[in-house]
Amino acid sequence: MGNVPSAVKHCLSYQQLLREHLWIGDSVAGALDPAQETSQLPGLPEFVKIVEVGPRDGLQNEKVIVPTDTKIEFINRLSQTGLSVIEVTSFVSSKWVPQVAAGATEISVFGAASESFSKKNINCSIEESMRKFEEVVKSARHMNIPARGYVSCALGCPYEGSITPQKVTEVSKRLYSMGCYEISLGDTIGVGTPGSMKRMLESVMKEIPPGALAVHCHDTYGQALANILTALQMGINVVDSAVSGLGGCPYANGASGNVATEDLIYMLNGLGLNTGVNLYKVMEAGDFICKAVNKTTNSKVAQASFNA
Amino acid sequence: MAAMKKALPPRLVGLTFFRAVSTSSMGTLPKQVKIVEVGPRDGLQNEKNIVPTPVKIKLIDMLSEGGLSVIEATSFVSPKWVPQMADHTEVLKGIQKFPGINYPVLVPNLKGFETAVAAGAKEVAIFGAASELFTKKNINCSIEESFQRFDATLKAARSANIPVRGYISCVLGCPYEGKISPAKVAEVTKKLYSMGCYEISLGDTIGVGTPGIMKDMLSAVMQEVPPAALAVHCHDTYGQALANTLMALQMGVSVVDSSVAGLGGCPYAQGASGNLATEDLVYMLEGLGIHTGVNLQKVLEAGNFICQALNRKTGSKVAQATCKL
């Protein structure tokens, strides 16, 4: 804006910028620097749990195959950031027992609010998928393994177009009653906007307590943070994201996918919400994985902070 | 995931989700929003590659056909400072001036104003800041001194019946001072408004703001200036622009600045992005059922055109999702 002499390009050193605007100091990981600029909006939750899906949802949608060593290093780095949930599991099939044998402490089941999506994705109707999940979730609970439910296409479907909030509610309620401790509502193709997010959540929250809900917003149309803000304003306090915004969109060639964890944390920090996560360490993990898969980060915070 | 078949042409998938939403569902959102397109000025000004005059003219003409009602055409500043805007007179004279569309131009001082008017300008814009240090580094004077300079321009504009839009930089943070108090922003806004600016665009110049800080700033400003005279100009340097804009809409602001294809980087953070992309903004507003008058498809075409001319990738996620690689 205005006239900008070239001298201003070097007005802030990298370290100074990080200290002042990214709230990184000597404080304990995840704790907010008292000198920071934050402002809590009334009605927002005090604590937000971030579910990091980069190693699963993110890498799964990246073209480059990542060597196992790199994946392990990536997950190890993420484990040191303060993130309390890092999703590393792949799809649960009826043959899920090997995953448990491999030491899985939690499983996920993937439903959808669209019949067409369900059919194309897992080759069965929503009803059939629920029956299968019921078996899986019951067995898991029997072994004291919690199950998280995902509902894809919560704000729109690449095949059916609009999805009614009622359908999302029906599927979510089914997953919740069969024993999923948390339902992650996914805007799979990122077409949602704050209005459709609000309408969907209003419907779902009539049947499921907000404490058992999460939102999983894709940033395909740049709407993710605005949609997440809306969800927070409605009382949701669990948000899925992927470091570096890993993962494209299989439905829109060249489009972006997951919302970047760094950008999410930046917003939550600015709102004065506790996450327990150290943004700087997440940025370092993001830098690591982007170099490993040879791609530029999708996180704007990372772009702005790691000078080209 | 299993292999995907596309039921709809990819570029149309996102566009099928527009449908009217009862405004009562979002409380106090405005029924319509005026978008001020700053791509040809703020956007191009911050692009490295110099854009030839005919390309600038074509971009503006394409945006005019896109239904935008305000398109900031150019800046009458010294070419020494902003070489990209050296062709300001040719651009302003060369564009098609559609009836019902305003083409404001930036003027740094009285001399710039006079040159602009001679070139046919019917609306101008002036630039203030909520930070003393930023003002000093940018235009080499204090905020108070800048008001004195503006005064000359505003008086001349009033005599010539030319409306003046005021910009305030650094409303949510400054690259030199860091935090900026909402009270300071309110003070500067009130001053520009009382001096005769019909609208004040509040700019998060380095994109550091987040929704709570936006709310605090607007709360302070709205105690001094009516919401209808305010606009927000959010930069997307940290990915916060749309969320901040949504907050501003919830507070009653109904004028939003944006830049086609998210043109313009950030001079303070090398490699970072700059303006909020018009396409992404329109997508959100249409999804909310808010009237903009903008034809998204045509704006996408304008964005595609200028990105090809600049040999750069679009900064708009909507464009990325709807245009085949």
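Two strands count as a pair when DSSP finds at least two bridges between them. With that rule in hand, one can look at this predicted model and see that strand S6 of chain A and strand S7 (residues 238-241) of chain A pair in the parallel sense over two bridges. The chain passes from S6(A) to S7(A) through helix H9 (residues 224-233) of chain A, and this β-α-β crossover is right-handed.

## Chain A as a whole

Chain A contains 12 helices and seven strands. Of its 308 residues, 60% are buried, and its accessible surface comes to about 11,800 Å², of which carbon and sulfur atoms hold 51%. Among the contacts in chain A with a separation of 6 or more, 77% are between residues 24 or more positions apart.

The seven strands form an open sheet with parallel pairing, and their order across it is S2-S1-S7-S6-S5-S4-S3 in chain A. Strand S2 (85-86) and strand S3 (107-112) of chain A stand at the edges with a single partner strand each, so one side of each is left without a neighbour in the sheet.

Several of the pairings in this sheet are set out below, each with one pair of bridge partners.

| Strands | Bridges between them | Bridge partners |
|---|---|---|
| S1(A) (residues 49-52) and S7(A) | four, parallel | Glu52(A) and Ser241(A) |
| S6(A) and S7(A) | two, parallel | Val215(A) and Val239(A) |
| S5(A) (residues 182-187) and S6(A) | five, parallel | Ile183(A) and Leu213(A) |
| S3(A) and S4(A) (residues 147-152) | six, parallel | Ser108(A) and Arg148(A) |

## Strands S6 and S7 of chain A

Strand S6 (residues 213-217) of chain A has five of its five residues buried, so it is largely enclosed by the rest of the structure. In a regular strand the side chains alternate between the two faces of the sheet. In S6(A), Leu213(A), Val215(A) and Cys217(A) point one way, while Ala214(A) and His216(A) point the other way, and all are buried. A comparable description holds for S7(A), where Val238(A) and Asp240(A) point one way and Val239(A) and Ser241(A) the other way, again with all of them buried. On its other side in the sheet order, S6(A) is followed by S5(A), and these two strands, together with helix H8 (residues 194-204) of chain A, make a right-handed β-α-β unit.

## Cysteines of chain A

How many disulfides does the count come to over all chains? The count comes to zero, and two cysteines of chain A help to show what lies behind it. A disulfide needs two cysteine sulfur atoms within 2.5 Å, but the sulfur of Cys153(A) is 4.2 Å from the closest cysteine sulfur, in Cys157(A), which is too far for a bond. Cys180(A) is in no disulfide either, and the nearest cysteine sulfur, that of Cys124(A), is 15 Å away. Both of these residues are hidden from the surface by the cut-off of under 20% relative accessible area: Cys153(A) counts as buried at 0% relative accessibility, and Cys180(A) is buried with a relative accessible area of 2%.

## Two helices of chain B

Helix H7 (residues 143-159) of chain B has 17 residues, and from its first C-alpha to its last it reaches 24 Å, close to the 24 Å expected at 1.5 Å a residue. Its buried residues are Ile143(B), Ser146(B), Phe147(B), Phe150(B), Thr153(B), Leu154(B) and Ala157(B). What covers them includes helix H5 (110-118), helix H6 (132-139) and helix H8 (182-195) of chain B, as well as strand S5 (124-129) and strand S6 (164-169) of chain B. After H7(B) comes Asn161(B), whose phi is positive, near 60°.

Is helix H11 (residues 278-287) of chain B largely enclosed by the rest of the structure or exposed, and what supports the description? Nine of its 10 residues are buried, so H11(B) is largely enclosed by the rest of the structure. These buried residues are Thr278(B), Glu279(B), Asp280(B), Leu281(B), Val282(B), Tyr283(B), Met284(B), Leu285(B) and Gly287(B). Just after H11(B), Gly289(B) takes a positive phi of about 75°.

Note on methods: Residues are numbered from 1 along each chain as its sequence is written. Chains are lettered from A and ligands numbered from 1 in the order in which they are written. This is a predicted model: local features need pLDDT of at least 70, side-chain atom pairs count only at pLDDT 80 or more; totals for chains, interfaces and linings use all residues. Side-chain values use heavy atoms; hydrogens and water are left out. Buried means under 20% relative accessible area, exposed over 50%, partly exposed in between (1.4 Å probe, protein chains only). A crossover is right-handed if, with the strands pointing away from the viewer, the path from the first strand over the helix to the second runs clockwise. The expected span of a helix is 1.5 Å times one less than its number of residues. Contact means heavy atoms within 4.5 Å. Accessible areas come from the Shrake-Rupley method with a 1.4 Å probe; for residues, only the protein chains shown count as cover.
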